Amino acid sequence: MNTLLWILLGLIALWMALRFLPAGADWHRPLVELIALIDLLTAPLLAILIWTVVAGAWPQCLLALIELTLVSCQRLRYRLPPADRTCQSSSEHGLSVMTLNCRFGRADPEEVVHYVRTYGVEVLALQEVEGKLLESLQTAGLNQLLPYLTEGTASPDDNGGHNAILSVSKPDKASASALDLPAAAIPLVELKTSSGPIRVASVHPKSPQRGARQWGMGIAALTRLTHSPVPTIVMGDCNATLQHPTFRAMLAKSGLHDASLHLKAGSHLTFPSASALPSLIEIDHILTDGNLVPQSMHALRISGSDHRALVARLTLTRQL
């Protein structure tokens, strides 16, 4: 029994160590999936810890406790207060944004419109737009709330459908393919909002099941959306968690920050979203650069989609 415990704890240690691979080394299956599930190791480690106590296997108990602490510390990143930064908001109103993977266009249009209205969403990013979804959204009244539509260039090879951005104000600039990924072209708009000028992109890198190398290349390419004097919001189904080395490297290189992590209010799990079962991992993200700072975020279940929507309120700040 002691040998079995050592084997299990050794395998879990190797599993946890995958997050420290260099960026690019995770462009293989099943590494992508294994890394995405690292946060879920809390449950088996807790079971093993209890097992070691009952069995009186104290060396293994100590190792299990160490591993459990390390996994828990990763989750605590979403709770620990950020370093003190002095800033002042340039807008009391803020900007409300929302992103949703529509699952082949099957997301319930009435629910989407309901949440857009409830949260006063000014910019909506959609992924996997397919079929008659846009028509159904207009019928449900979305055109009265967000009348301006920018669609990504559609392709037969799209990753479940194309991307789109809907906004309350007319874009000053709009591109149907600011970045042409081998998954779905990325539409990008520049808007004047009550918080100031912003750029918004709706993204959906290829899922690893459709090609791990293309998955990694797609995430790494997101750095090309930033480095603009205008604050940028990149949101969508990124098919990655903060455990993935490639995703973290992209954030570091691009200067983007994950809104969920910044808030320190806990993670906002988005996938899978089905019936009453809880979501397990956070692969949908709202990323910002410049002085766009998140004030709040909610993960919302929408019928028909296997992802939860994310809604965030952002403000523009200036450093003092």
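This report walks through the overall build of the protein chain, then a strand, two helices and the charged pairs.

## Before you start

What you're looking at is a predicted model, so to read it: local features need pLDDT of at least 70, side-chain atom pairs count only at pLDDT 80 or more, and totals for chains, interfaces and linings use all residues. Residues are numbered from 1 along each chain as its sequence is written, and side-chain values use heavy atoms, with hydrogens and water left out.

## The big picture

The protein chain has 10 helices and 13 strands. These are DSSP runs numbered from the N terminus: helices are H or I with at least four residues, strands are E with at least two. Along the principal axes, the C-alpha atoms fit a box of roughly 65 × 50 × 35 Å. The radius of gyration is 21 Å, which agrees with the value near 20 Å for a compact globule of 320 residues. That radius is taken over C-alpha atoms, and the globule rule is 2.2 Å times the number of residues to the power 0.38.

About the inside and the outside: 52% of the 320 residues count as buried. Buried means under 20% relative accessible area, exposed means over 50%, and partly exposed is in between, with a 1.4 Å probe and protein chains only. The protein chain exposes about 14,200 Å², and carbon and sulfur atoms supply 60% of that. Areas like this come from the Shrake-Rupley method with a 1.4 Å probe; for residues, only the protein chains shown count as cover. A contact means heavy atoms within 4.5 Å. Among contacts between residues at least 6 apart in sequence, 71% join residues at least 24 apart.

## Along strand β4

Strand β4 covers residues 148-151 and includes Thr-150. Thr-150 has a relative accessible area of 11%, so it counts as buried. Leaving out residues up to four places away in sequence, Thr-150 touches Ala-164, Ile-165, Pro-171, Ala-174, Ser-175, Pro-187 and Val-189.

Tyr-148 sits in β4 as well, and is partly exposed because its relative accessibility is 35%. Beyond four places in sequence, its contacts include Ile-165, Leu-166, Ser-167 and Val-168. Val-168 is 20 residues from Tyr-148 along the chain, yet their C-alpha atoms are separated by 6.5 Å.

## Two helices, α8 and α9

Helix α8 (residues 212-221) has Ala-212, Trp-215, Gly-216, Gly-218, Ile-219 and Ala-221 as its buried residues. They pack against α2 (31-36), β6 (173-179) and α9 (245-254).

In α9, the buried residues are Pro-245, Thr-246, Phe-247, Met-250, Leu-251 and Ser-254. Their cover includes α2, α8 and β11 (284-288). Right after α9 comes Gly-255, with a positive phi near 85 degrees.

## Charged pairs

Side chains of opposite charge can pair when their charged atoms come close. The structure holds 2 salt bridges, each a side-chain nitrogen of Lys or Arg within 4 Å of a carboxyl oxygen of Asp or Glu. One joins Glu-33 and Arg-29, with the closest N and O atoms 2.7 Å apart. Arg-29 counts as partly exposed, at 47% relative accessibility.

In the other, Arg-103 meets Asp-306 at 3.9 Å, N to O. This pair links distant parts of the chain, 203 residues apart: Arg-103 is in the loop between β2 (95-101) and α5 (109-118), and Asp-306 is in the loop between β12 (292-300) and β13 (309-319). Arg-103 is partly exposed, with a relative accessible area of 33%.
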